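Visitor: I would like a close look at a single part of this model, taken slowly and with the criteria spelled out. Please choose one helix and follow its surroundings outward.

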Amino acid sequence: DKARRTAQLVHLFLSVGYAAYKAMQGLGSPDRGGADVTTQDDSSEYLAAKIHTRAEVLARPTPVPHEPGVYGWWFHELPADFDLAGCYSRDGLTLLYAGISPKEPPKNGRGPSKEALRSRIRTHYTGNAEGSTLRRSLGCLLSEKLNIELRRYGSGTRLHFGLGETDLSRWMDRNAHVSWLTMPQPWLFEEEILGKLNLPLNLDKNHSNAFHPILTAVRADAA
């Protein structure tokens, strides 16, 4: 059935790599899938997790759990002209960004973050560029298309798109969808998935990505 086929295709993608997967695939795109930190089963389940729209995430009750985990952002319309070799696509959407919540606990003895998937994903959808690196990257890449500009507000160093944040949220409503996988130590999984996939919107721990210097320059020019 569809779920079994999805699991098989995701496993193939992770086993043989993107190029071989595309050469062997020929049949449509994956759709859904099943747990233990930093294993291939985790990677398969992450790529096959149910993808949600903004409306679904912001509904009450929300389907997003108040638990730690890793999430992925999937796009219908791409915010830039990416080389998609090594990116994973399904259901007409392309995975371009992976994030975790909470971050790895600090090694200086300070307490760990109490943030979880629910609050972090909501911030990406409803916050601003000061609190969401994903929103800042998207807004900078789409600034001309959406006619928005990153500016400094107040007397401090806070940067965001002002009223343009609403336009960015509308664009995300149409084009940005999110999936997630709960796990107790998501920071262990983050580096693994960054090493396996082309995730051009990730900056942290992703310096070897071909789009990294481009995105870094676009953000610097906008600031």
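Guide: What follows starts from helix 5 and then moves to the elements around it.

The model is predicted, and for that reason local features are given only where pLDDT is at least 70 and side-chain atom pairs only at pLDDT 80 or more, whereas totals for chains, interfaces and linings use all residues. Residues are numbered from 1 along each chain as its sequence is written, and side-chain values use heavy atoms, with hydrogens and water left out.

As a frame for the close look, the chain has ten helices and six strands, where helices (H or I, at least four residues) and strands (E, at least two) are DSSP runs numbered from the N terminus. Of its 223 residues, 47% count as buried, a term that stands for under 20% relative accessible area, with exposed meaning over 50% and partly exposed in between (1.4 Å probe, protein chains only).

Helix 5 spans residues 117-126, and its buried residues are Leu117, Arg120, Ile121, His124 and Tyr125. These residues lie on the same side of helix 5, because they cover an arc of only 135 degrees around the axis, the arc being that of the directions from the helix axis to the C-beta atoms. The cover over them includes helix 4 (54-58), strand 1 (69-75), strand 3 (93-101), helix 6, helix 8 (164-175) and strand 6 (176-182), with contact meaning heavy atoms within 4.5 Å.

Within helix 5, Ile121 counts as buried, since its relative accessibility is 0%. Leaving out residues up to four places away in sequence, Ile121 touches Val57, Val64, Tyr71, Trp73, Val178 and Trp180. Of these partners, Val178 is 57 residues from Ile121 in sequence, while the C-alpha atoms of the two are 8.1 Å apart in space.

Tyr125, another of the buried residues of helix 5, leads on to His177, which belongs to strand 6. His177 is counted as buried because its relative accessibility is 11%, and, with neighbours within four places in sequence set aside, its contacts are Ile51, His52, Thr53, Gly72, Trp73, Trp74, Leu93 and Tyr125. Trp73 thus appears among the contacts of Ile121 and also among those of His177.

Two of the covering elements border loops that hold a cis peptide bond. The bond from Arg60 to Pro61 is cis, with omega near 5 degrees, and Pro61 sits in the loop between helix 4 and strand 1. Ser101 and Pro102 are likewise joined by a cis peptide bond, with omega about 0 degrees, and Pro102 is placed in the loop that runs between strand 3 and helix 5 itself.

Helix 6, also part of the cover, has a further partner in helix 10. The axes of helix 6 (residues 133-141) and helix 10 (residues 212-222) come within 9 Å and cross at roughly 85 degrees, so the two helices are roughly perpendicular, a label for angles of 65 to 115 degrees. Axes here are lines fitted to C-alpha atoms over the stretch in contact, with angles from 0 to 180 degrees between N-to-C directions. Helix 6 contributes Thr133, Arg136, Ser137, Cys140 and Leu141 to the contact, and helix 10 contributes Leu215, Val218, Arg219 and Ala222. These residues divide into five nonpolar, two polar and two charged, where Ala, Val, Leu, Ile, Met, Phe, Trp, Tyr, Cys and Pro count as nonpolar, Asp, Glu, Lys and Arg as charged, and the others, Gly among them, as polar.

Note on methods:
Angles under 35 degrees count as roughly parallel, over 145 as roughly antiparallel, 65 to 115 as roughly perpendicular and the rest as oblique.
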